[in-house]
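Here are a few notes to read alongside the model, written for someone new to looking at structures. Keep the 3D view open and find each place as you go.

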Amino acid sequence: MSEGGHPDVILCPGGPMLLRGDHVVQDADGVEHHTTRPVSAVCRCGKSSIQPWCDGTHKVLPPKLRP
Ligand code: FES
């Protein structure tokens with residue numbers, strides 16, 4: 001938990017993983033990406049065009065292809 005009692009990591013059913021605060025995300029190629037927003041959405045469906053971040057593409061996927 002971060003200060004204020006909010007979790008740092010939230011898994012959204014069928015959607016991204018939300019990260020609260022400053023984090024470093026390593027992609028499949030080993031490249032590190034620093035969060036720049038108070039809350040950042042990490043893609044879990046693998047279909048985003050702005051990996052490793054979520055671009056909302058998961059919303060148009062058939063339910064069985066969503067994370
Ligand atoms: S989880 Fe949103 S685009 Fe992949």
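1. Let's begin with one residue: is Ile10 buried, partly exposed or exposed? Its relative accessible area is 32%, and buried would mean under 20% while exposed would mean over 50%, so Ile10 counts as partly exposed. You will find Ile10 in strand β1. Leaving aside neighbours within four places in sequence, Ile10 is in contact with Pro16, Met17, Leu18 and Arg20. Ile50, by comparison, is 40 residues from Ile10 in sequence and 20 Å from it in space, C-alpha to C-alpha.

2. Now zoom out, and please remember that this is a predicted model. The protein has five strands and zero helices, so the pattern along the sequence reads β-β-β-β-β. Its C-alpha atoms fill a box of roughly 35 × 25 × 15 Å along the principal axes. Of its 67 residues, 27% count as buried. The accessible surface comes to about 4700 Å², and carbon and sulfur atoms make up 55% of that.

3. Next, try tracing the sheet. Three strands form an open sheet in the order β1-β2-β5, and their pairing is antiparallel. Which strands stand at the edges? They are β1 (9-11) and β5 (39-42); each has a single partner strand, so one side of each has no neighbour in the sheet. From one strand to the next, the twist averages 20 degrees.

4. Look closer at how β1 meets β2. The two strands pair in the antiparallel sense over three bridges, and Leu11 stands opposite Met17 in β2. Together β1 and β2 form a hairpin, with five residues between them. In the turn, Gly14 has a positive phi of about 75 degrees. As background, most residues other than glycine have a negative phi.

5. On to the pairing of β2 with β5. How many bridges join β2 to β5? There are four, and β2 (residues 17-20) runs antiparallel to β5. Two pairs are worth finding in the viewer: Leu19 has Ser40 as its bridge partner in β5, and Arg20 stands opposite Val39 in β5.

6. Please also visit His33, which lies in strand β4 (residues 32-34). Its side chain makes a polar contact of 2.9 Å with the side chain of Asp27. Not counting residues up to four places away in sequence, His33 touches His23, Val24, Val25, Asp27, Gln51, Pro52 and Trp53.

7. Two of the residues that His33 touches, Gln51 and Pro52, deserve a look of their own. Is the peptide bond from Gln51 to Pro52 cis or trans? That bond is cis, with omega near 5 degrees. Most peptide bonds are trans. To find the place, look in the segment after β5, where Pro52 sits.

8. Finally, check the cysteines. A disulfide is a covalent bond between the sulfur atoms of two cysteines. How many disulfides are counted in this model? The count is zero, with a cut-off of 2.5 Å between the sulfur atoms. Cys43 has a relative accessible area of 13%, and it is buried because that value is under 20%. Cys45, at 15%, is buried by the same cut-off of under 20%.

Definitions and conventions:
Residues are numbered from 1 along each chain as its sequence is written. This is a predicted model: local features need pLDDT of at least 70, side-chain atom pairs count only at pLDDT 80 or more; totals for chains, interfaces and linings use all residues. Side-chain values use heavy atoms; hydrogens and water are left out. Two strands pair if DSSP finds at least two bridges between them. Axes are lines fitted to C-alpha atoms, for helices over the stretch in contact, and angles run from 0 to 180 degrees between N-to-C directions. A polar contact is a pair of N or O atoms within 3.5 Å; within protein, one must be able to donate a hydrogen and the other to accept it, and residues adjacent in sequence count only if both atoms are side-chain atoms. Contact means heavy atoms within 4.5 Å. Buried means under 20% relative accessible area, exposed over 50%, partly exposed in between (1.4 Å probe, protein chains only). Accessible areas come from the Shrake-Rupley method with a 1.4 Å probe; for residues, only the protein chains shown count as cover.
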